[in-house]
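Q: I would like a close look at a single part of this protein, with the neighbouring pieces described as they come up.

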Amino acid sequence: MTEMTNETIMRSSEEGRVYGYIRVSTKEQNEDRQWIAMRECGIPEGNVYSDRQSGKDFDRPGYKQVISKLQKGDTFVIKSLDRLGRNFDEILEQWRLITVEKQVGIIILDIPLFGDLSKDLMGRVVAQLMLTLMSYMAETERTNIRQRQEEGIRAAKERGVKFGRKPKEAGPEFEEVYVQWAEGGCSARAAGRRLGISSHTFMKWVNERRGGDLAG
């Protein structure tokens, strides 16, 4: 974090309240890095709200709480731009809500320049232009990543790489159940239940066994 960012936050705290917001997407992710950044900014712990869930929408308790607290002249601090949303339209909409409707300044710690821009009219115009460009670039990169992943999967499939769950294989107990089914002693559904599989999987194993018998 730069000294300019710290000075901006200190100045903001004199003009209004400063709030922070933290989000991690899964239970496995660690939010310590974001908490440390908030403490280094001098934001009171009671003014920092957090969520541990996906950013796919804004049905998040912590985010709703902090947004409801924001008033004109306050400052909203986040670690990175994607805390505002996962795509171009979401980020712009939240930026408009916070800076235009609520007239609250935003400080993005990874992009400290925004902290000096977002409270006055001209600053919001400049910040909006920068945000639009950066959001577009971020979404384009995500699209490119997805495209590269899809291309990689297609190339792997062409090489014969198998994806998905490995098919369940018939165990030694299958033979006894198969003989009973073949003699009419039970239905495919009942056979499947005994083996803990579906009737469809049971018949698949039956066809594989018969295919093996014919090949032999």
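How many bridges join S3 to S4, and do these strands run parallel or antiparallel? Please take the answer on through the elements around this pair.

A: This is a predicted model. In it, S3 and S4 are parallel and are joined by 4 bridges. One facing pair across them is Phe76 and Ile106, the latter in S4. To get from S3 to S4 the chain passes through H4, and the resulting β-α-β crossover is right-handed.

S3 covers residues 75–78 and has cover on both of its faces. Thr75 and Val77 are buried on one side, while Phe76 and Ile78 are buried on the other. S3 also pairs with S1 (residues 18–24), again in the parallel sense and over 4 bridges. In that pairing, Thr75 of S3 is the bridge partner of Val18. Thr75 is thus named both as a bridge partner and as a buried residue.

The connecting helix comes next. H4 has 14 residues, which at 1.5 Å a residue should span 20 Å; the C-alpha atoms at its ends are 19 Å apart, so the two values agree. The buried residues of H4 include Ile91, Leu92, Trp95, Leu97 and Ile98. Polar residues are buried in H4 too, among them Glu90, Gln94 and Thr99. As background, residues three or four places apart in an α-helix point the same way, because such a helix has 3.6 residues a turn.

After H4 (88–101) the chain enters a loop that leads to strand S4 (105–108), and Gln103 lies in this loop. Gln103, just after H4, has a positive phi of about 55 degrees. The sign deserves a remark, since Gln103 is a residue other than glycine. Most residues other than glycine have a negative phi. Gln103 has a relative accessibility of 34% and therefore counts as partly exposed, buried being under 20% and exposed over 50%.

Two further places complete the picture. Asp32 belongs to helix H2, residues 32–40. Its relative accessibility is 45%, so Asp32 counts as partly exposed. Asp32 and Ile22 are 10 residues apart along the chain, and their C-alpha atoms are separated by 9.7 Å.

The other place is on the surface. Leu133, Tyr136 and Met137 form a nonpolar patch there, with about 350 Å² of accessible area together. Of these residues, Leu133 is found in helix H6, which runs over residues 121–158.

Technical notes: Residues numbered from 1 in each chain as written. Predicted model: local features only at pLDDT ≥ 70, side-chain atom pairs only at ≥ 80, totals over all residues. Heavy atoms only, no water. Helix = DSSP H or I, 4+ residues; strand = E, 2+ residues; numbered from the N terminus. Buried < 20%, exposed > 50% of the residue type's maximum accessible area, 1.4 Å probe, protein only. Patch = residues over 30% accessible without salt bridge, like charges linked within 9 Å, V, L, I, M, F, W, Y side chains within 5 Å. Areas by Shrake-Rupley, 256 points an atom, 1.4 Å probe, with all protein chains shown as cover. Salt bridge = Lys/Arg side-chain N within 4 Å of Asp/Glu carboxyl O. Expected span 1.5 Å × (residues − 1). Pairing = 2+ DSSP bridges. Right-handed = clockwise from strand over helix to strand, strands pointing away.
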